[in-house]
Amino acid sequence: MLKLLLVFHIFTAIRNYCECHGMHSIMKLIKTNYTFGELDSPVFRKYEFVAPMDKQIQIECAFEETPNCSTNYISVGIEGKARDMVEYCEGNFTEMSAFRRMTVLTTLRQPYKCTVKVMDRKREICGASISRKIVDGIQAAPNEFPYYAALYSVQIQAVNCGGTLINHNSVLTAAHCFESDDQKENIEDTWIYLGLQSFLKYDDNPYIEVVKPKQISRHSQYNRNNLLSDDIAIVTLEKPVEYSFGVSPVCMPDKTVPEKFSKSNLVILGLGQKSEEGESSNILLKAQVDGYSEEQCNTYFKKVRKINRILTKKKFCVISPISNNMDTCPGDSGGPVIYKSNKDYLVGIVSAGLVCGIRIPSINTRVSLYDKWILSNVID
């Protein structure tokens with residue numbers, strides 16, 4: 001009884017209950033360190049710890065080397081899931097959670113002592129990617145782009161736009177993805193899929209989050225008739241999403257990101273059509289693109305497309321490398337243009353892909369010139 005009172009004093013306990021093989025405790029960490037250990041522990045004990053948002057959990061354990069490692073151990077799940085756990089049976093160890101959750105399983109039949117601490121995150125979590133290599137027009141690897149958001153339309157029963165997660169509460173996309181001036185209508189028609197890599201293997205993905213919008217903020221100067229000027233919007237989510245290996249934000253552009261792109265490490269993503277008349281892709285695709293200078297882009301639209309309107313500094317063009325014809329398609333509207341460096345940076349929002357699979361420039365909103373507007377419209 002004393003031990004349970006101590007646990008409730010140090011933590012806010014979500015629930016404690018006995019399972020058939022021992023005790024299962026799910027606890028929300030506040031600020032105080034928590035030490036646990038048993039002289040006569042059950043064969044099985046499970047702890048699930050939850051730290052405040054954007055914090056991490058550190059665990060330090062000490063015990064004598066166990067005589068039988070297969071049945072006598074402590075295992076730690078750094079993601080907070082009872083999978084991919086690391087087992088310890090040889091004494092002292094320290095482990096850090098990847099995000100705000102940690103799962104600990106113990107089967108020790110000997111004295112041990114573990115201390116759990118809430119820690120400040122030492123590194124930014126944005127821009128995570130499992131690969132720095134860009135391959136044209138192929139399926140993205142699972143969790144390769146954890147910031148990609150798919151905007152699903154209830155009315156057409158398909159993904160009609162892409163987007164990019166920029167924090168726990170906000171997805172950045174294109175204003176033209178929401179043509180109705182009725183915000184309620186736009187919200188009711190939209191679901192946001194995060195962590196999605198394939199609709200074909202939806203049930204096999206443990207990271208997928210499906211969230212409704214709470215608010216949709218289109219830029220007040222958006223004008224579809226002027227080459228989609230100020231084609232940018234922020235979707236505020238109905239509830240904040242937790243970060244995981246499958247869901248985490250992109251980095252916003254900083255001083256290390258160039259203002260002009262030539263043959264840069266640019267990549268586009270999308271669940272859109274693979275060709276102009278083709279069916280939508282059920283898997284997330286990626287492709288490399290090259291920057292196309294403002295002068296080249298304006299010349300092309302004037303001479304070839306007979307469009308006299310000049311692109312402003314708020315737009316930039318990309319084009320498929322000569323070696324392939326991969327380009328954005330209508331279903332990729334609102335999706336990210338990523339600059340890949342040591343992290344992934346969101347430099348553009350796909351605005352007008354024009355024609356799929358043909359080597360012509362596509363137009364994108366330049367994110368860096370909207371930093372003040374973004375800051376004034378997001379919820380941290």
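Visitor: Why is Arg101 called partly exposed rather than buried or exposed?
Guide: In this predicted model, Arg101 has a relative accessibility of 31%. Buried would require under 20% and exposed over 50%, so the value for Arg101 falls in the range called partly exposed.

Visitor: What makes the pairing of Arg101 with Glu242 a salt bridge?
Guide: The closest N and O atoms of Arg101 and Glu242 are 2.6 Å apart, and since the rule asks for a side-chain nitrogen within 4 Å of a carboxyl oxygen, the pair qualifies as a salt bridge. Arg101 belongs to strand β9 (residues 101–106), whereas Glu242 sits in the loop between β18 (233–237) and β19, so the contact ties together parts that are 141 residues apart in sequence. Glu242, at 22% relative accessibility, is also counted as partly exposed. Arg100 joins Arg101 and Glu242 in a network of salt bridges.

Visitor: How many salt bridges does the rule find?
Guide: The count comes to 9 salt bridges. In general terms, side chains of opposite charge can pair when their charged atoms come close.

Visitor: What makes Lys314 and Asp230 a salt bridge, and which parts of the chain does the pair tie together?
Guide: The closest N and O atoms of Lys314 and Asp230 are 3.2 Å apart, which is within the 4 Å limit. Lys314 lies in the loop between α3 (294–303) and β21 (315–319) and Asp230 in the loop between β17 (213–218) and β18, so parts that are 84 residues apart in sequence are tied together by this pair.

Visitor: How do you know whether Asp230 and Lys314 are buried or partly exposed?
Guide: The two partners fall into separate classes when set against the 20% limit: Asp230, with a relative accessible area of 10%, is buried, while Lys314, with 33%, is partly exposed.

Visitor: Why is Ser229 called buried, and what is it in contact with?
Guide: Ser229 has 15% relative accessibility, so with the limit set at under 20% it counts as buried. Its place is in the loop between β17 and β18. Leaving aside neighbours within four places in sequence, Ser229 is in contact with Gln221, Tyr222, Asn223 and Lys315.

Visitor: Why is strand β22 described as largely enclosed by the rest of the structure?
Guide: Strand β22 covers residues 336–340, and 5 of its 5 residues are buried, so the rest of the structure largely encloses the strand. Side chains in a regular strand alternate between the two faces of the sheet. In β22, Pro336, Ile338 and Lys340 point one way and Val337 and Tyr339 the other way, and all are buried.

Visitor: How do you know that β22 is paired with β19 and with β23?
Guide: Pairing requires at least two bridges between strands. With β19 (residues 266–270), strand β22 has 3 bridges in the antiparallel sense, and Ile268 stands opposite Val337 there. With β23 (residues 344–352), strand β22 has 5 bridges, again antiparallel, and Tyr339 has Tyr345 as its bridge partner. Both cases therefore meet the requirement of at least two bridges. A hairpin of 3 residues joins β22 to β23.

Visitor: What makes Lys340 and Asp344 a salt bridge, and are they buried or exposed?
Guide: Their closest N and O atoms are 3.1 Å apart, within the 4 Å limit, and both Lys340 and Asp344 are buried.

Visitor: Which residues form the nonpolar patch on the surface, and why is Val210 called partly exposed?
Guide: The patch consists of Val154, Trp191 and Val210, which together have about 210 Å² of accessible area. Val210 has its place in strand β16 (residues 209–211), and at 30% relative accessibility it counts as partly exposed.

Visitor: What makes some stretches of the model unsuitable for detailed reading?
Guide: Where pLDDT is low, the predicted coordinates should not be read in detail. The chain averages a pLDDT of 79, and 76% of the residues score at least 70. Over residues 1–22, however, pLDDT stays under 50, and the model has 36 contacts beyond four places in sequence for this stretch. Residues 132–136 also have a pLDDT below 50, with 21 contacts beyond near neighbours in sequence.

Visitor: What does the chain as a whole contain, and how much of it is buried?
Guide: Its secondary structure comes to 4 helices and 24 strands, and buried residues make up 53% of the 380 residues. Among contacts with a separation of 6 or more, 67% are between residues 24 or more positions apart.

Note on methods. Residues numbered from 1 in each chain as written. Predicted model: local features only at pLDDT ≥ 70, side-chain atom pairs only at ≥ 80, totals over all residues. Heavy atoms only, no water. pLDDT = per-residue confidence, 0-100. Contact = heavy atoms within 4.5 Å. Buried < 20%, exposed > 50% of the residue type's maximum accessible area, 1.4 Å probe, protein only. Patch = residues over 30% accessible without salt bridge, like charges linked within 9 Å, V, L, I, M, F, W, Y side chains within 5 Å. Areas by Shrake-Rupley, 256 points an atom, 1.4 Å probe, with all protein chains shown as cover.
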